[in-house]
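Trainee: Could you take me through one part of this model in detail? I would like to see how a single strand sits among its neighbours.

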Amino acid sequence: MKQEIPKLDLSTFVSGTDTQRQDFVKALGNALEEFGFVSIIGHGIDRPLSKAAYQASADFFNLPEDIKKTYENRLIGRQRGYTPIGKERVKNHSHSDLKEFWHTGMEGAPGLPDNLWPAEISNFKYDMMALYNALHTVSIELATAIELFLEIPVGSLSKMLDGGNTVLRSIHYPPSTEEIPGRLWAAPHEDINLMTLLIEASGAGLEILTRNNQWLAVHCEPSEIILDTGDMLEKLTNGLLPAVTHRVVAPAANQSSRYSMPFFIHPAPNTILQPFKSPRIKASHPPTDQTAAQYLNERLRENGVLTVDFDPADDDLIDFDD
């Protein structure tokens, strides 16, 4: 029997009966414990909205390279705007990922970088922010369900998202006439953040590493959102909800682009990554004072994306680029 990640209907949690809500909470928690990934339907995001954002993304990546690079800002650690191919490399991996991407963050969030907007694509800001805001609503609903599963006070996780450095990353994996090392667009890695929502990737390639140490292909249908847990949520649950290793594999005949839009959900930068107190969570590690911003900087430096230390509470930026 072919193994697949579970598929759950979010509408049964948002507007269902008490029993339906309880069933959703249990199934969501169990899926994240076992796989770290789950497919979500009934999320309420209309397909025209996501299609418009994907088209705006493709329009940008089709611009000439010299124009795209005018939107690369090292002084904010590329946390907004454009990142060229070859800048991100998974820690301890010999090859850079074959992808370029664009970061869109929350508009007007105090202490966080301002968004950049390509003047060449007139509808880019509208389409990206429409999808960003819709995914943010879904993230709050899912965080609330996870709180109930963890048996922690409502708001313990969902309120962390207020003012969080959450980014919508628009990714272009380009076609290539040359051999791709290991046929990997993105090397095996775990996400840094709390959770990630992936809506409607344009092609196959995403694979997760199961508990049996086997690679399992994960397909994202147009009506689905793929949810996975990241390092920060693993820390906050002391490993109960693990960050699962995944990769993006290029097809053997790599003649077409792949587009993807993961929504990386982050807590507020000053959030302390100390495990929640809960009967479900085992005794925590020694107390930590590491903040979400500090951990993010640490991991992004390791990946080669961050070339400055960016602290929303500190105006000092230290450039690490050659």
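Among contacts in the protein between residues at least 6 apart in sequence, what percentage join residues at least 24 apart? And could you then look closely at strand 11?

Mentor: Happy to! Please keep in mind that this is a predicted model. The percentage you ask about is 75%, counted among contacts between residues at least 6 apart in sequence. For the wider setting, the protein has seven helices and 13 strands, and 54% of its 322 residues count as buried.

Now to strand 11, which covers residues 246-249. In a regular strand the side chains alternate between the two faces of the sheet. In strand 11, His-246 and Val-248 are on one side, while Arg-247 and Val-249 are on the other. All four of these residues are buried, so both faces of the strand are covered.

Strand 11 also has partners. Strand 6 (residues 184-189) runs antiparallel to strand 11 and is joined to it by three bridges. Within that pairing, Ala-186 has Val-248 as its bridge partner. Strand 8 (residues 206-209) is likewise antiparallel to strand 11, again with three bridges, and here Leu-206 stands opposite Val-248. Val-248 is thus a good residue to click on: it is the bridge partner of Ala-186 and stands opposite Leu-206.

From strand 6 you can follow the chain into the loop that leads to strand 7 (195-199), where Asn-193 lies. Asn-193 counts as buried because its relative accessibility is 2%, under the 20% cut-off. Leaving aside residues up to four places away in sequence, Asn-193 touches Gly-230, Asp-231, Met-232, Leu-233, Phe-264, Ile-265 and His-266.

Conventions: Residues numbered from 1 in each chain as written. Predicted model: local features only at pLDDT ≥ 70, side-chain atom pairs only at ≥ 80, totals over all residues. Heavy atoms only, no water. Helix = DSSP H or I, 4+ residues; strand = E, 2+ residues; numbered from the N terminus. Buried < 20%, exposed > 50% of the residue type's maximum accessible area, 1.4 Å probe, protein only. Contact = heavy atoms within 4.5 Å. Pairing = 2+ DSSP bridges.
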